[in-house]
Amino acid sequence: MILSSLRFAASPSSSSLRSFARIATKQCLRSFSVSTTQSSDKLVGFIGLGNMGAHQAANLLKHGYNLIVYDINKDSTLALQKKGAKVAESLKEVATQASVIVTMLPASPHVRSAYYGTDDKPGMLSFAQKGTLFLDSSTIDPGTAREVAGKAKEKGISMVDCPVSGGTRGAEEGTLTFMVGGDKADFERAKPYLQCMGKNIVHCGDIGTGQVAKVCNNLILGISMIGVSEAMNLGVKLGIDPKILAGIINTSSGRCWTSEVYNPCPGVLENVPASRGYTGGFGSALMAKDLGLAVDSARTSGESLPLGSAAHQLYNLMVSQGYGTKDFSVFYEFLQKKK
């Protein structure tokens with residue numbers, strides 16, 4: 001390619017050859033630099049390798065990033081190690097080695113513990129170098145996101161909150177939506193990493209607004225799943241084939257993500273939790289937690305959530321009856337057993 005782009009005289013002089021060599025070397029170096037930008041990048045850390053985080057971390061590896069991971073579940077870290085990740089023995093090891101760190105943790109207490117530490121063990125903010133960028137993909141309350149980011153800023157550390165939507169399938173396929181809160185400069189710095197894990201990267205505003213968007217989205221999701229489950233259950237009990245009913249809903253005014261993409265009735269869709277015993281996916285306990293965040297946020301702001309509060313109570317009831325680890329679409333099965 002380089003040779004074909006240059007023209008020579010019939011009898012090139014030695015100076016022409018030297019000039020060619022300089023041009024060719026520059027073009028080779030420029031090409032090499034572009035092709036190895038990601039693989040030669042500084043170490044990226046990933047904390048939290050659950051149903052979502054494991055897929056997100058794997059996608060960073062697929063895009064050529066060097067990864068160091070940590071999770072209390074050794075099976076999860078072993079799976080990433082086999083894909084090329086370095087496994088850390090502690091949060092400190094990740095914080096001292098990585099310049100960019102992604103966290104994907106279950107709830108606000110876990111985030112506080114990871115960043116602040118516990119009584120006998122300091123957190124990552126005690127070890128991270130100045131200039132480190134944290135990307136917190138956990139779903140937590142906006143207040144905690146703002147508080148942790150404020151503590152990080154005091155230490156010269158940047159942080160964005162970037163919760164996700166799209167479920168485990170989106171995490172695996174790298175098609176997640178990231179709702180990002182933080183400074184514009186931090187958002188631009190985080191964006192290349194987020195684009196390896198998702199396809200819709202939205203800057204929502206200042207720190208904490210990513211969590212605001214996520215809380216509102218999951219408020220709709222929890223309510224919607226209950227509605228679709230009730231409709232599908234009623235239709236089946238009244239004698240209609242569930243696939244026919246779902247097809248009508250999905251081409252009519254009842255069309256929604258929970259019916260079309262994540263239908264809770266077993267057998268309607270392949271490759272969704274409902275068709276594999278409600279395993280994997282997004283746990284009912286996590287949905288109860290997210291609805292609790294919405295209810296608490298509404299209470300703090302003086303707003304009313306009649307449907308949200310009812311949905312929160314129903315998911316808490318499910319969790320208390322042993323459905324907590326099942327995907328939140330198990331509400332359909334829950335209805336079957338409520339006589």
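**Salt bridges in the predicted model**

Arginine 112 is partly exposed, with a relative accessible area of 31%. In this predicted model, the side chain of arginine 112 meets that of glutamate 147 in a salt bridge, with an N to O distance of 2.8 Å. The count of salt bridges comes to 7, and the pairs described below, grouped by where their partners lie, are among them.

**A pair between two helices**

- Glutamate 147 belongs to helix H6 (residues 142-154) and arginine 112 to helix H5 (residues 108-116), so their salt bridge ties together parts that are 35 residues apart in sequence.
- Glutamate 147 has a relative accessible area of 30%, which places this residue in the partly exposed class.

**A pair within helix H7**

- Arginine 169 and glutamate 173 form a salt bridge in which the closest N and O atoms are 3.3 Å apart.
- Both residues lie in helix H7 (residues 167-173), where arginine 169 and glutamate 173 are 4 residues apart, or about one turn of the helix.
- Arginine 169 counts as partly exposed, its relative accessibility being 48%.

**A pair within helix H12**

- Arginine 299 and aspartate 296 form a salt bridge whose closest N and O atoms are 2.8 Å apart.
- These partners are about one helical turn from each other, because arginine 299 and aspartate 296 are 3 residues apart in helix H12 (residues 284-301).
- Arginine 299 is exposed, with a relative accessible area of 57%, whereas aspartate 296, at 40%, is partly exposed; the two residues fall in separate classes because exposed means over 50% relative accessible area.

Notes. Residues are numbered from 1 along each chain as its sequence is written. This is a predicted model: local features need pLDDT of at least 70, side-chain atom pairs count only at pLDDT 80 or more; totals for chains, interfaces and linings use all residues. Side-chain values use heavy atoms; hydrogens and water are left out. A salt bridge is a side-chain nitrogen of Lys or Arg within 4 Å of a carboxyl oxygen of Asp or Glu. Buried means under 20% relative accessible area, exposed over 50%, partly exposed in between (1.4 Å probe, protein chains only).
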